[in-house]
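Student: I would like a close look at a single part of this model, taken slowly and with its surroundings. Could you choose one strand and work outward from there?

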Amino acid sequence: MQVSVIGTADDGVVFERLVQLTQQKNLPLALSFHTLPKLSDKFITSFASENVGKAIITIVKNTPMLIKIDGGSVIKSYLNWQSLTKRIVSAGRKSELILQACRLTSDMTVLDGTAGFGHDGLILASTGASVVMLEQNPLVSLLLFYEYELMGQNINWQKLLSRISIMHGSFFDVSLVAKLPSVDLLYLDPMFPADSYSAKVNKNMQILHELATPPDKMDEQNFLAIGKTKLKDGGKIVVKRPILAPFLANQPPTQSVANDAIRFDKYDW
């Protein structure tokens with residue numbers, strides 16, 4: 001995948017680190033750096049209009065962000081783990097629907113098979129559980145690796161991050177998944193068609209949703225079939241769904257917990 005990275009002359013250091021991570025993690029990306037006089041929406045829009053169809057990252061205050069032009073407006077999408085600090089510290093079953101569904105304890109292990117921006121994985125790790133984040137898209141994987149490294153410089157995050165590991169690869173790559181240890185919980189948040197949502201996805205997540213392909217019927221069956229092979233005895237699968245979405249592979253769960261927008265379906269095996 002060809003990726004254009006735009007920034008000012010001062011952003012070369014961040015670009016070089018992105019290149020290093022791409023090489024170290026064997027990501028199938030080819031990064032090229034383009035210097036703009038200013039990172040104003042005007043200059044970004046002009047660059048994007050000349051590079052239609054290409055993946056674009058802009059570096060803003062040492063932070064790589066995905067770019068989308070929507071009706072003349074620039075949408076910047078980024079992981080921003082720092083913004084989750086208070087939520088992670090206070091996370092519990094009373095405040096987090098995901099934790100009500102997963103019921104983790106500190107001695108458990110988790111495979112997040114569809115990591116995305118890593119937000120749910122961070123909440124799962126807040127319980128003390130060990131979490132492996134697996135992400136298929138190489139561009140999103142690059143942002144995950146960079147964010148993990150960036151936040152690791154914050155001493156208050158180091159204990160949490162020590163329980164998290166990130167891998168690039170597809171959950172449907174049987175040979176890859178076979179090498180992973182069995183876990184107590186498999187967590188899945190596959191993307192779904194836009195008409196599954198009762199409300200518009202927030203702007204920061206729009207690009208992520210566009211990068212992901214909604215699973216077809218065979219994919220949905222494979223999620224569960226492969227998932228079963230990775231569970232310890234008594235393990236469970238939890239699937240995040242829009243409230244209006246059907247059950248994964250039309251398989252009724254053992255239990256569901258939900259609010260007005262999101263549903264978590266739990267499968268015990």
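Tutor: What follows is a connected account of one strand, its sheet, the helices beside the sheet and a pocket.

The model is a predicted one, and the part chosen here is strand S9, which covers residues 183–188. S9 belongs to an open sheet of seven strands, arranged in the order S8-S7-S6-S9-S10-S12-S11 with mixed pairing. The edges of that sheet are formed by strand S8 (164–168) and strand S11 (255–258), each of which pairs on one side only. Between neighbouring strands of the sheet the turn is 20° on average, with direction ignored.

In that order S9 stands between S6 and S10, and each of these two pairings can be followed residue by residue. On one side, strand S6 (residues 109–112) runs parallel to S9 and is joined to it by three bridges; here Leu111 has Leu186 of S9 as its bridge partner. On the other side, S9 pairs with strand S10 (residues 231–242), again in the parallel sense, over five bridges. Leu186 takes part here too, standing opposite Ile237 in S10, while Leu188 stands opposite Val239 in that strand. As a general point, the side chains of a regular strand alternate between the two faces of the sheet. As for exposure, S9 is mostly covered, and six of its six residues are buried, where buried means under 20% relative accessible area.

Helices also lie against the sheet. Helix H6 (residues 138–151) lies across strand S7 (130–135) and S8, and runs at about 155° to S8. Helix H10 (residues 217–229) packs on the sheet where S9 and S10 are, touching both strands, and its direction makes about 155° with that of S10.

H10 leads on to the second largest pocket, since H10 and helix H9 (203–211) each supply at least two residues of its lining. The space in this second largest pocket is about 460 Å³. Its lining is made up of 22 residues, of which Thr114, Glu135, Gln136, Ala212 and Thr213 are the closest to the centre. Sorted by class, the lining comprises 11 nonpolar, eight polar and three charged residues. Helix H10 thus appears twice in this picture, as a helix that touches S9 and as a contributor to the lining of the second largest pocket.

Conventions:
Residues numbered from 1 in each chain as written. Predicted model: local features only at pLDDT ≥ 70, side-chain atom pairs only at ≥ 80, totals over all residues. Heavy atoms only, no water. Pairing = 2+ DSSP bridges. Helix = DSSP H or I, 4+ residues; strand = E, 2+ residues; numbered from the N terminus. Axes fitted to C-alpha atoms, helices over the stretch in contact; angles between N-to-C directions. Contact = heavy atoms within 4.5 Å. 1 Å grid on protein atoms, 1.4 Å probe; cavity = no way out; pocket = protein on both sides within 12 Å on 5 of 7 lines; lining within 4 Å. Points joined across faces, edges and corners; volume = space filled by probe spheres on them. Nonpolar A, V, L, I, M, F, W, Y, C, P; charged D, E, K, R; others polar. Buried < 20%, exposed > 50% of the residue type's maximum accessible area, 1.4 Å probe, protein only.
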